Amino acid sequence: MSEVRRSTSSSYRPRSSWIKRPKREWKPLEDRSCTDLPWFLLFTLFLVGMGGICGFTIMTGGAARLVFGYDSYGNTCGQRNEPIEGVRLSGLDHTDRKFVFFLDPCNIDIIQRKIKSMALCVSQCPTEELATYFDLKRFAMMNGSELCSYELPGHKYPQLPERFEKCPKLPVPESKALPVFNRCTPVDISCYAKFAEAVITFVSDNSMLNRLIAGVAASKEIIVGLCLLALVLSMILMVIIRYISAVLVWILTALVVLGSLGGTSVLWWLYIDYRMTMNETMTKDLIETEEPNDGMKTTKDHAQGLLIYAVSATVFTGILLLLMLFMRKRVALTIALFHVAGKVFIHLPLLVLLPFCTFLALSLFWVYWIMVLLFLGTTGNPEKNEDTGLVEFRLTGLLQYMTWYHAVGLIWISEFILACQQMTVAGAVVTYYFTRDKTKLPVTPILSSVLRLARYHLGTVAKGSFIITLVKIPRLILMYIHNQLKGKENACARCMLKTCICCLWCLEKCLNYLNQNAYAATAINSTNFCTSARDAFMILVENALRVATINTVGDFVLFLGKILIVTCTAFAGVLALNYQRDYTEWILPLIIVCLFAFLVAHCFLSIFEIVVDVLFLCFAIDTKYNNGTPGREFYMDKALMEFVENSRRSMAMEERGRSKRARPKEDVELTEAKAMAPGTSSA
C-alpha cells in the first residue's frame, strides 16, 4: 500500500482527497509539539486542589493539632487558643503546656483505632510511676505539671471528690514524650497488653514461632546480603537474557508439546485399561447374576468420563500443535526482539535505574498522602460528643468531600507516576530504534526522554492515567462492598460482584497495554493520546498473531526469568544458612528473601517487558512503511533484519511453489506442442 503524502508545492487537492482521509504519515523523531494540553491544565488544576487540601489543613490548624496534639476541650497544646462556643475550658493559653497526656492511655478502642480517654495538655510527662493521689499532688507542686483536669487545683488532689473522674487512673505509669508528636507514651508497653493480647499469647505459647523469629534475628545480615544478591542478579539477567532467550523459548515449546502429548496419551491409556478391566468384570458379573446391577452402571459412567477427558485432551493437543505449526516463525520474532532488547540495555544502561526512581517517587508521594490524610483526621469544626463530653473535630458539609478528592488523588497521581515511567522508557527506546547510526545517540537518552516528556507530553500521560483511574475506582468500590458483605450476601449476588470485579480487572489490564503502546506512538510521532491510541491499535490489530505470540511466549520467558532469580537466591540462601543445624529456622528467612527476590525481579523485568513491547511497535511500523529500497531503508537492528530476510525468502519460496501448482497442465502441453511444430521455428 502506497503512502499518501501532503503536497507542499501546490494548494490544489484532488477531489478524491476530500472524500478519503489520508493515512497516518509516521515521521519518527522529526516533529515535536505539545500534546493534550487541556489535560495537562486539568491535571495541574487537580494538583492545585491536592495542594489546597494540604494548605487548608495547615491554615485551619489540623496539621498543628496532629503534630502538637490537642486536649479534650479543643485546645491545641503549646499555643494560645481561641474559645469555642458552648465548650467550657476552651480558649486556654497552653504556651507552657506542650505535651498531650491521656488519663487512661491503656483504654484503646480497637474498632475506632483511637484512645478512649480524656486528654490534657501538660508541661511535663510523668517521669516516674505515681501510685497515689498524694504522688500526683507532689508531682504537680514540684514540676508545675498538673495531671488532673484544669479546674482542679493541684494542692487539693487527695481531698477532691471529682478526682475519681477527672484525674488519671492509678497507678500512673512512667511516660516519655514521642520525639515529634509530643504525646506522653508509657515506657512499659505491656500497658497495651489488651490491644496485642492475642499476638502476645500466640508468640509466647508457640515455641515454633519463637524459633522462627529467632532465626530471622540471627540471620538479618544474611537476609540483607541475599536481597542485594537478588538485586544484582536482576540487573545481570536483563543484559544476558538475549543470549538465553532462544534456549528458554524452545525449551518452553518442547515442554508444552511433550506435556500435552504425554497427558493425552496417559488419558487414553487409562481409558483403554479401565475399559478392558470393566469388560472382564462385567462378564464375570453377568455370568454370576445374569442381569446388570447399579455397580455396572457406575463403572460405565466412569469409563464415559475418562473417554470425554481423553477426547477433550486430544482436541486441545491438536489445536495446540496447529498453533505451534502456524506460529513457529513468529516465535523467531520474539527471540529476535529479546536479543535487541538486551542490546538496548547495553546502550542505555540508565534504564536499570528507572525502577529505583519510580519507587522513590511513589514512596515520597505516598508519605505525603498519608501525612495529609492524618491532617484531615484532625481538621474540621469542633463538635462536642454528647456521650463522652469530649470535643472532636469533624469535616461537615462540602468539606467532607475533601477526603474523597484526596483518595482519587492517590490513584490518579500513582498511575501518573507509573505512566511517566512507561513514557520515559518508550521515548528512550524509540530514540534508540530510529537512530540509524548508534554512535550518534544522545549522551543520556534517558534524560533526553525525561526532558521531552516534561516539555511536550505530560498532558498525554495525565489523560492515559486518568482513564486507568476511571476503571480502577469502581473495581475498588466493588471490592470494598464485597468485603463488607462477606457472609451476608446470597450466592447470586456474590457471583455477580466477583464477575464485575473480574471484568473490570481484565478491562484495566487491556487499557494498560493499549496505553503503553499509545505512549510509544506519541514518542514516535508526537500525536495526542487518542490519535496515538488509535494508530497503535490499528498496528496491533494488523499484527494480532505476532502480538499474541510475544505476549504469551515472551511473558512466560520473563516469568521463567523471575523463577530463575528466585531459585538462585534461595539456593544461595540455603548455602549461607547451612551453618544453622536447626533447619526449621531456615523457613522464615528464606520466605522473606524469596518474596523480596520475586518483587525485585518483577520490577526490573517489567522494564524489560516494556522495552520489548515498544521495540515490537517500532518494528511493525518500520516494516509497514519501509521496504529496504533506497530512500525507504529500514531502521531495524541486524537481528531483526535477519528475521525479515528469512521471512521474505520463505514467502518467496511459498509463492513460487503455489504458482507452479496453479499452472494448468493443458497450458504446459500446448506450449510443448508449439515448440515441437516445424512452423514455429524462427529464422
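Phe 393 counts as buried in this predicted model, because its relative accessibility is 9% and the cut-off for buried is under 20%. Its ring has company: Arg 65 lies over the face of Phe 393, at 3.9 Å from the ring centre. Tyr 70 joins in too, forming an edge-to-face aromatic pair with Phe 393, with 5.2 Å from centre to centre and 90° between the planes. Since Tyr 70 lies in the loop between α3 (62-68) and β1 (99-102) and Phe 393 in strand β8 (residues 391-394), the pair ties together parts that are 323 residues apart in sequence. Tyr 70 itself is partly exposed, at a relative accessible area of 22%.

That pair belongs to a bigger theme, as the structure holds 16 aromatic pairs. Take Phe 43 and Trp 412, again edge-to-face, at 5.1 Å centre to centre and 70° between the planes. Phe 43 lies in helix α2 (residues 37-59) and Trp 412 in helix α11 (residues 401-433), so this pair links parts 369 residues apart in sequence. Both residues are buried, and both belong to one aromatic cluster, along with Trp 39, Phe 46, Tyr 405, Phe 416 and Phe 466.

Now hop over to helix α4 (residues 133-143), whose buried residues are Tyr 133, Asp 135, Leu 136, Phe 139 and Ala 140. They sit on the same side of α4 because they cover an arc of only 155° around the axis. Their cover includes α5 (163-166), and the charged end of Arg 163 sits over the ring of Tyr 133, 5.4 Å from its centre. Turned away from the buried side is a face carrying the exposed residues Phe 134, Met 141 and Met 142. Just after α4, Gly 144 takes a positive phi of about 70°.

Key:
Residues are numbered from 1 along each chain as its sequence is written. This is a predicted model: local features need pLDDT of at least 70, side-chain atom pairs count only at pLDDT 80 or more; totals for chains, interfaces and linings use all residues. Side-chain values use heavy atoms; hydrogens and water are left out. Buried means under 20% relative accessible area, exposed over 50%, partly exposed in between (1.4 Å probe, protein chains only). Helices (H or I, at least four residues) and strands (E, at least two) are DSSP runs, numbered from the N terminus. The arc is that of the directions from the helix axis to the C-beta atoms. Contact means heavy atoms within 4.5 Å. Rings of Phe, Tyr and Trp (its six-membered ring) pair if their centres lie within 6.5 Å; planes under 30 degrees apart count as stacked, over 60 as edge-to-face and the rest as tilted. A charge sits over a ring if NZ of Lys or CZ of Arg is within 6 Å of the ring centre and within 35 degrees of the ring normal.
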